[in-house]
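Visitor: Could you take me through one part of this model up close? I'd like to look at where the domains meet, and then at whatever else catches your eye from there.

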Amino acid sequence: MSTRRLIPGSAELRAEFPILAREVHKRPLIYLDNAATSQKPAPVIAKLVECYERWNANVHRGVHKLSEEATEHYEGARAKIARHIGASDPAEIVFTRGATEAINLVAQTFGRTRLAAGDEVLITALEHHSNIVPWQMICRERGAVLKVVPITDAGDLVAGAFESLLTPRTRLAAFTWVSNALGTVNPVVEMTALARARGITTLVDACQAVPHFALNVRSLDADFLVFSGHKVYGPNGSGVLHGKRALLESLPPWQGGGDMIASVTFEESTWNHVPHKFEAGTPDYPATVALATALDWLSALGWDAVAAHEHTLLAAAEEALGAIQGVRLIGTPAHRSGVLSFTLDGVHPHDLGTVLDRMGVAIRAGHHCAQPVMDRLGVPATARASFSVFNTLEDVAALAAAVRETKRLFGA
Ligand code: PMP
């Protein structure tokens, strides 16, 4: 890894991403789909290769050297990731395949044991499907009620609605930090405090927050926090559930299998201590170890520099797209991070996405796994540009030029 501090958007930083060297439809790749998945810098790729070339062996099992090394790398990653998010105890970090699995884990352990008929789970209208459907499923099973904090036309939570929807029956409030569809940044510190004051458990979906700002789970003080590795420059198959230790210890295991047990007989099994109680089966240790590398790499850029760069790109994109007649920015939240959703009059977002792709510009088009957001704002889908530390003002200019060209092609 480079020891110099890389500057977001610089040629030197871009050179860390091998994929940026390729062409798409004979054009240089302009990748603006980072909210769906980020590209990977060379140190992360190198860490995966190093695992398979140097120390690959199953963790927690073997007595041989390679297994010991693999276990050291894996548990070292746990300690490192705990430090990155401000957790005081590595045992509070449960590794999962991603945010979806982490939320399902909480739904199937906390939800299954703590929800009774008539209890309530509170989410917001900004959630990704993965923070809706697991609650819908467990609420149906337990006879509990799913309640939703509404949003304004701008894409912000309706002021005061979260608090007024917290009732004596609310057992859990689960909400996203940053909306993947609109970029809305929710006031999660206030939200967790409001819930905590009423003894209500909280889960924060930090998927779209971790790539953009430093997290501190102690100052946030949510009971659970989840994120996926692949959106924060790490590999697929890696993800994190942070849970307060006493709470994790009080929950039953979810999946059964190897590593999550202390002892097994045909009559009865007993459980391993946390976090292993929640990590049944062989984990994706190479991905997890490389996720720790990704977080090291990102934080070495300096969070102020990361935030300033992102702010510059978002402001430029808002201005450039906003200046095109027929472009509508979807959602104008008070605080936005990472993504810009928009439509172009007379052109379906899927067509827009396809034409942009022919020009080398990769964006996302669709409902972004947030159909209720689209329904609420009265659009079937949007085009979404999402930014990362390797994007540049030239990328923003190319996006705007491609949208203008699409408008000309469609006579829109
Ligand atoms: N929450 C949010 C806010 C997301 O953006 C995503 C992914 N788009 C998820 C949850 C689910 O993440 P994964 O598919 O990696 O499990």
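Guide: Okay, this is a predicted model, and its protein chain splits into two domains: domain 1 covers 11-40 + 302-410, while domain 2 runs over 46-299. So you can see where to point the camera, the C-alpha centres of domain 1 and domain 2 sit 28 Å apart. Where they touch, domain 1 brings 38 residues to the contact and domain 2 brings 36. Together the two domains bury about 2900 Å², with 55% of that on carbon and sulfur atoms.

Now for the polar side of that contact. There are 25 residue pairs in polar contact between domain 1 and domain 2, counting pairs with both residues at pLDDT 80 or more. On the domain 1 side, α11 (303-322), β14 (339-344) and α13 (371-377) each put in at least two residues that touch domain 2. Of these, α13 is the biggest giver, with six residues. By character, that side of domain 1 divides into 18 nonpolar residues, 14 polar ones and six charged ones.

Salt bridges across the contact are quickly listed: the count between the two domains is one. Zoom in on Asp153 and Arg376, which form a salt bridge with their closest N and O atoms 3.0 Å apart.

Step back to the whole structure and the search turns up 21 salt bridges. A few of them are worth a stop. Take Glu101 and Arg97, whose side chains meet with 3.1 Å from N to O. Their surroundings make a nice contrast: Glu101 has 15% relative accessibility and counts as buried, whereas Arg97 is exposed at 60%.

Next, go to Glu120 and Lys147, another salt bridge, this time with an N to O distance of 3.5 Å. Glu120 belongs to strand β5 (residues 120-124) and Lys147 to strand β6 (residues 145-149), so this pair ties together parts that are 27 residues apart in sequence. Glu120 is buried, at 10% relative accessible area, and Lys147 is partly exposed, at 27%.

Then there's the salt bridge between Glu163 and Arg198, at 3.0 Å from N to O. This one also links distant parts of the chain: Glu163 is in helix α6 (residues 161-165), Arg198 is in the loop between α7 (188-197) and β8 (201-205), and the two are 35 residues apart. Here both ends fall in the middle category, with Glu163 partly exposed at 38% and Arg198 partly exposed at 39%. While you're looking at salt bridges, find Arg196, Asp221, Asp223 and Lys244: shared partners join these four into one network.

Asp223 also turns up around Thr201, a residue of strand β8. Leaving out residues up to four places away in sequence, Thr201 touches Phe110, Arg171, Leu172, Ala173, Asp223, Phe224 and Leu247. Thr201 is buried, with 13% relative accessibility.

Arg171, one of the residues touching Thr201, is a handy marker for the next stop, Ala144. The C-alpha atoms of Ala144 and Arg171 are 9.7 Å apart, and the two residues are separated by 27 residues along the chain. Ala144 sits in the loop between α5 (133-142) and β6. Ala144 counts as buried too, at 13% relative accessibility. Setting aside neighbours within four places in sequence, its contacts are Leu115, Ala116, Gly118, Asp119 and Cys139.

Let's finish with some backbone details. Follow the chain to the loop between β12 (269-271) and α10 (285-299), which holds Pro275. The peptide bond from Val274 to Pro275 is cis, with omega near 5°.

Over in domain 1, which includes 11-40, look at the loop between β1 (23-24) and β2 (27-28), where you'll find His25. Its phi is near 50°, a positive value in a residue other than glycine. Lys26 lies in the loop between β1 and β2 as well, and the phi of Lys26 is also positive, near 60°. As for accessibility, His25 is partly exposed at 35%, while Lys26 is exposed at 78%.

Methods: Residues numbered from 1 in each chain as written. Predicted model: local features only at pLDDT ≥ 70, side-chain atom pairs only at ≥ 80, totals over all residues. Heavy atoms only, no water. Domains from an automatic or database assignment. Contact = heavy atoms within 4.5 Å. Buried area = accessible area lost by both parts, 1.4 Å probe. Polar contact = N/O pair within 3.5 Å; in protein donor to acceptor, adjacent residues only side chain to side chain. Helix = DSSP H or I, 4+ residues; strand = E, 2+ residues; numbered from the N terminus. Nonpolar A, V, L, I, M, F, W, Y, C, P; charged D, E, K, R; others polar. Buried < 20%, exposed > 50% of the residue type's maximum accessible area, 1.4 Å probe, protein only.
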